[in-house]
Amino acid sequence: MTPGMRSAVFAILGLIAGLLLGYFGRQFLTVELKKDIGLGDVLNFTITLIFAFLLQNYLQKRFGNERAEKDHIIDLIKESLVALRETRASFTAIVDRKRIDPADEKSLLAYLRNLSNSLSILQESVHACGDTNGEAACIAIRQLYIGYKRILTGGNFPSKPYSMKTFNDAEKASGQISLELNKMRIQLNRK
Amino acid sequence: MTSTIQTPMMKINLAKEFSEIPGPRQKNEGPNSGEEFLERILQPAYDAAVAEGVQLFIDLDGTEGYATSFLESAFGSLARIYGPDAVLKRLEFKSDEEPYLIDEIKIYISEASAK
């Protein structure tokens, strides 16, 4: 059988199937369209339209707000990471000089205060958004911050220079804070 | 008509009554140390607050910042003398400039029992 003949056979079969469907459809299915429209139908249609409009608005607003909240928290996490980097840079500069001058002491305490406040604002904002997991992460980060500050300004600070052990401990502590902040950011983006 | 009942308390403004630049841990390390603050201001005020049965309110704002060494020497040492629980009950703090500072000090007070 040539391809042309095969096509003709399929066309004839399709036509027969269509005619049979039409015939049986008319025998067993009776569909009539009402030509008169009642008040109930109009009300039903209007309420459905309003409901659909409100639902769409609500969903759009809700997901829009959630995105705005996420973006705000992510910005605060970025600010905290910047404050952490500045604190670390101030600390490593002091380590390199092998002594702690009054100006070093003042600037390091100022950077630590800035970091502390960035983390505190982040925690308050996460709390305001009602994110309990995020808040638990912030509380853990606060503990890490207090531990980091203790390494940097505890012991004999500022009367003695930093030891290599203090430097290593401080690097590990700042790395942990950075890791936890980045984890928070990743989790927010995944939601 | 409304009325407010305030708990009687004694107050220390650390920046005004001691220094805007709190220093190191001990007196032999430099000026304005935690040890000096404890001996000259904190402990006498604490004793007076206990004698009068009032709270001791410490305003931490107005300084250039606090090193852990200063805080641990002042508040940790006070807790080692009187006990952490008694000190935590008696002291109240204000730190608008650095809210985490209060948690930090409370940790040093609580940890003092282990030493």
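**Exercise 1.** What covers the buried residues of helix 2 of chain A? Work it out on this predicted model.

*Solution.* Start with the helix itself. Helix 2 of chain A runs over residues 39-97, so to speak a 59-residue rod by count. From its first C-alpha to its last it reaches 87 Å, close to the 87 Å expected at 1.5 Å a residue.

Next, pick out the buried positions: Ile73(A), Leu76(A), Ile77(A), Ser80(A), Leu84(A), Thr87(A), Arg88(A), Phe91(A) and Ile94(A). For the spacing, recall that an α-helix has 3.6 residues a turn, so residues three or four places apart point the same way.

Now look at what lies over them. The cover includes helix 3 (102-128), helix 4 (132-153) and helix 5 (164-190) of chain A.

Finally, check the end of the helix: Lys98(A) follows helix 2 of chain A and has a positive phi, near 65 degrees.

**Exercise 2.** Decide whether chain A is spread out or a compact globule.

*Solution.* First, take the secondary structure: chain A has five helices and zero strands, in the order α-α-α-α-α. Then compare radii. The radius of gyration of chain A is 35 Å, well over the 16 Å from the globule rule for 191 residues, so chain A is more spread out than a compact globule.

Add the box: the C-alpha atoms of chain A fill roughly 100 × 60 × 20 Å along the principal axes. As for burial, 23% of the 191 residues in chain A are buried. One last number concerns contacts in chain A between residues at least 6 apart in sequence: 75% of these join residues at least 24 apart.

**Exercise 3.** Describe the surroundings of strand 2 of chain B, and say which of its side chains are buried.

*Solution.* Go along residues 55-59. Leu56(B) and Ile58(B) point to one face and are buried, while Gln55(B), Phe57(B) and Asp59(B) point to the other and are not.

Then find the partners. Strand 1 (residues 9-13) of chain B pairs with strand 2 in the parallel sense over five bridges, and Asn13(B) stands opposite Asp59(B). Strand 3 (residues 91-94) of chain B also pairs with strand 2 in the parallel sense, over four bridges; here Phe57(B) stands opposite Glu92(B).

**Exercise 4.** Take apart the contact between the two chains: how many residues does each give?

*Solution.* Chain B puts in 16 residues and chain A 20. On the chain B side, helix 3 (68-82) and helix 5 (100-111) each supply at least two. Helix 5 of chain B gives the most, with four residues. Sorted by class, that side of chain B has five nonpolar, four polar and seven charged residues.

How values were computed
Residues are numbered from 1 along each chain as its sequence is written. Chains are lettered from A and ligands numbered from 1 in the order in which they are written. This is a predicted model: local features need pLDDT of at least 70, side-chain atom pairs count only at pLDDT 80 or more; totals for chains, interfaces and linings use all residues. Two residues are in contact if their C-beta atoms, placed from the backbone, lie within 7 Å. Ala, Val, Leu, Ile, Met, Phe, Trp, Tyr, Cys and Pro count as nonpolar, Asp, Glu, Lys and Arg as charged, and the others, Gly among them, as polar. The expected span of a helix is 1.5 Å times one less than its number of residues. A residue is buried if 20 or more other C-beta atoms lie within 10 Å of its own, exposed if 12 or fewer, and partly exposed in between; C-beta atoms are placed from the backbone. Two strands pair if DSSP finds at least two bridges between them. The radius of gyration is taken over C-alpha atoms; the globule rule is 2.2 Å times the number of residues to the power 0.38.
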